[in-house]
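Visitor: I should like to take a close look at a single part of this protein, namely the empty space enclosed within it and the residues around that space. Would you please guide me through it, and then place it in the setting of the whole chain?

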Amino acid sequence: ESLPTVWLVFGTFLVAFEMAAQLFSLDGKVLFGLLNFQNIWFTSFIFSGIFVTREDVIWPLRVFTYILPFGWGTRSFFWALFHDWGVDGSDGFSGTAPCDPGLPGCFSDAVRGSPDTGFFCPGLPAVECWGDVGPRILDSIGSVYRILTSENTLAADLGYLVAIAAAFKALYLLRLASLLRLRAVPRRPPAALPPLDGPQRQTLLTVNDVVAPPSPLLAAAGRGLRFAFSDCSFAIQVRPAGGGICARKSETRYLLRDVSASVSSGEVLAVMGPSGAGKTTLLRMLALEKGPGTPYGNVTLNGHAFTRTVYTAHAASVEQEDSLWAFLTAREQLEYAVRLSRPALRSAERAAAVDELLGALGLESCQHTRAGNALVRGLSGGQRRGGSPGPG
């Protein structure tokens, strides 16, 4: 009869940890996210009240006993299991006998409010004698593990679990929203930028004459796209040399300065320069990624401002590092990418889109091969690089 209550408590308990897992799944490094979730589980277990009561935990560590789910779930889980066991007389443990609490080996019922009564288990050692019915067992074990009690705290514990799950979910949504908005649209460049000193001028990527004309063939076919950026600069604030960490006034340094170029459909634009010239900074800026400084410039797609909405609908960026899941096949990688980027497609349309991507990326022959990693054999380096644009 208590099974539905047990499953309710256990299910709510797992949901709370599932919400925590969702939060840590947003970590940029999968391994770090896994380790953080394990830390939360272990911390929740340590501060559950099984080993140390909540009142004996010092502040600020005591906050863990309130905001983590293990303690609330454990108390109601065991209460749901034992609270009605043997109470109606049909079950229970028949190996106990009443005794005087003053006698050796007699366990007092003082914890249950009856200090004048007690029990013992003939033929059993004291460590195996906990009582004859569920409430007495809970109180006897609770004299050692203070988290357990025969008192009904089900509603309160479920309320705490739901609140903890809701808090983790809210943090997950806030974190997800912040990640989705990590797109920094470049500001309009100032009318006049300050002059550069000699050393900085030599290390800056400054390209102002790479403006290709639109492709006439593609434009005539009605499917030409033109991506252009002009007067792009990226400024950071640094402390002046010799100022130390206590220097209050900072100065502006430019990692990019007046960079302009364009590329049309069917063309490739290569950005080249020495190490430290700002190539990666430029690419991250064009992908609208937030950085440590302030981007300036005009970025357009077919003459329209390259905003976050335009980027999401028409563009994708591929990082230098492969972003493939080791245990998913090439086809599964693309299926997830299509599901996320084009959720309105039906199953047949989605399958056709995946087939088209496999053909375009040259992955048809290895579509059922796992991506693999340093420990798991899978796709070759070229195949992994070829599959990266799909998830990107």
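Guide: A cavity is a set of grid points where a 1.4 Å probe fits but cannot get out. In general terms, rolling a probe the size of a water molecule over the atoms shows where empty space is left. Please bear in mind that the model before you is predicted.

When the whole structure is searched, one cavity of 30 Å³ or more is found. The space in this largest cavity comes to about 30 Å³. Its lining consists of Leu324, Ala330, Gln333, Leu334, Leu363, Leu379 and Gly387. Sorted by class, five of the lining residues are nonpolar and two are polar, while none is charged. Glycine is counted among the polar residues in this scheme. Helix 11, which covers residues 330-341, gives three residues to the lining of the cavity, the largest share.

Two residues of one loop help to place this lining in its surroundings. Let us begin with Thr369, which lies in the loop between helix 12 and helix 13. Setting aside residues up to four places away in sequence, Thr369 touches Leu328, Thr329, Ala330, Gly378 and Leu379. Among these partners of Thr369 are Ala330 and Leu379, and both of them belong to the lining of the largest cavity. Thr369 and Ala330 stand 39 residues apart in sequence, yet their C-alpha atoms are 6.2 Å apart in space. As for its cover, Thr369 has a relative accessibility of 30% and therefore counts as partly exposed, since that class lies between the buried limit of under 20% and the exposed limit of over 50%.

The second residue is His368, found in the loop between helix 12 (347-361) and helix 13 (381-387). The relative accessibility of His368 is 63%, so His368 counts as exposed. With residues up to four places away in sequence again left out, His368 touches Thr329 and Arg331. Thr329 also appears among the contacts of Thr369. From C-alpha to C-alpha, His368 and Glu332 are 8.1 Å apart in space, although 36 residues separate them in sequence.

These pairs may be set beside a figure for the protein as a whole. Of the contacts with a separation of 6 or more, 66% are accounted for by residues 24 or more positions apart. The protein contains 13 helices and eight strands. Of its 392 residues, 34% are buried. The area that the protein exposes is about 24,100 Å², and carbon and sulfur atoms supply 59% of that area.

An open space offers a useful companion to the enclosed one. The second largest pocket holds about 990 Å³ of space. It is lined by 30 residues, of which Phe227, Leu283, Leu286, Ala316 and Ser317 are the closest to its centre. Strand 5 (226-238), strand 6 (251-264), helix 9 (279-286) and helix 10 (308-314) are the elements that give two or more residues to this lining. Helix 9 supplies the largest share, six residues. The lining of this pocket divides into 17 nonpolar, seven polar and six charged residues, whereas the lining of the largest cavity has no charged residues.

Finally, the cysteines deserve attention. The protein has two disulfides. One of them joins Cys99 and Cys106, whose sulfur atoms are 1.8 Å apart. The torsion about their S-S bond is about 90°, and the disulfide is therefore right-handed. Cys99 has a relative accessible area of 17% and is buried, as is Cys106 at 12%. The other disulfide links Cys121 to Cys129, with a distance of 2.0 Å from S to S. Here the torsion is about 75°, so this disulfide too is right-handed. Cys121 and Cys129 are both buried. If the bonded cysteines are numbered in sequence order, the pairing reads 1-2, 3-4. Two further cysteines may be added to this account: Cys232 is buried with a relative accessible area of 0%, and Cys366 counts as buried at 5%.

How values were computed: Residues are numbered from 1 along each chain as its sequence is written. This is a predicted model: local features need pLDDT of at least 70, side-chain atom pairs count only at pLDDT 80 or more; totals for chains, interfaces and linings use all residues. Side-chain values use heavy atoms; hydrogens and water are left out. A disulfide is a pair of cysteine sulfur atoms within 2.5 Å. Buried means under 20% relative accessible area, exposed over 50%, partly exposed in between (1.4 Å probe, protein chains only). Helices (H or I, at least four residues) and strands (E, at least two) are DSSP runs, numbered from the N terminus. Contact means heavy atoms within 4.5 Å. Accessible areas come from the Shrake-Rupley method with a 1.4 Å probe; for residues, only the protein chains shown count as cover. On a 1 Å grid over the protein atoms alone, a cavity is a set of points where a 1.4 Å probe fits but cannot get out, and a pocket is an open set with protein on both sides within 12 Å along at least five of seven lines; lining residues have an atom within 4 Å of a point. Grid points are joined across faces, edges and corners, and a volume is the space filled by probe spheres set on the points.
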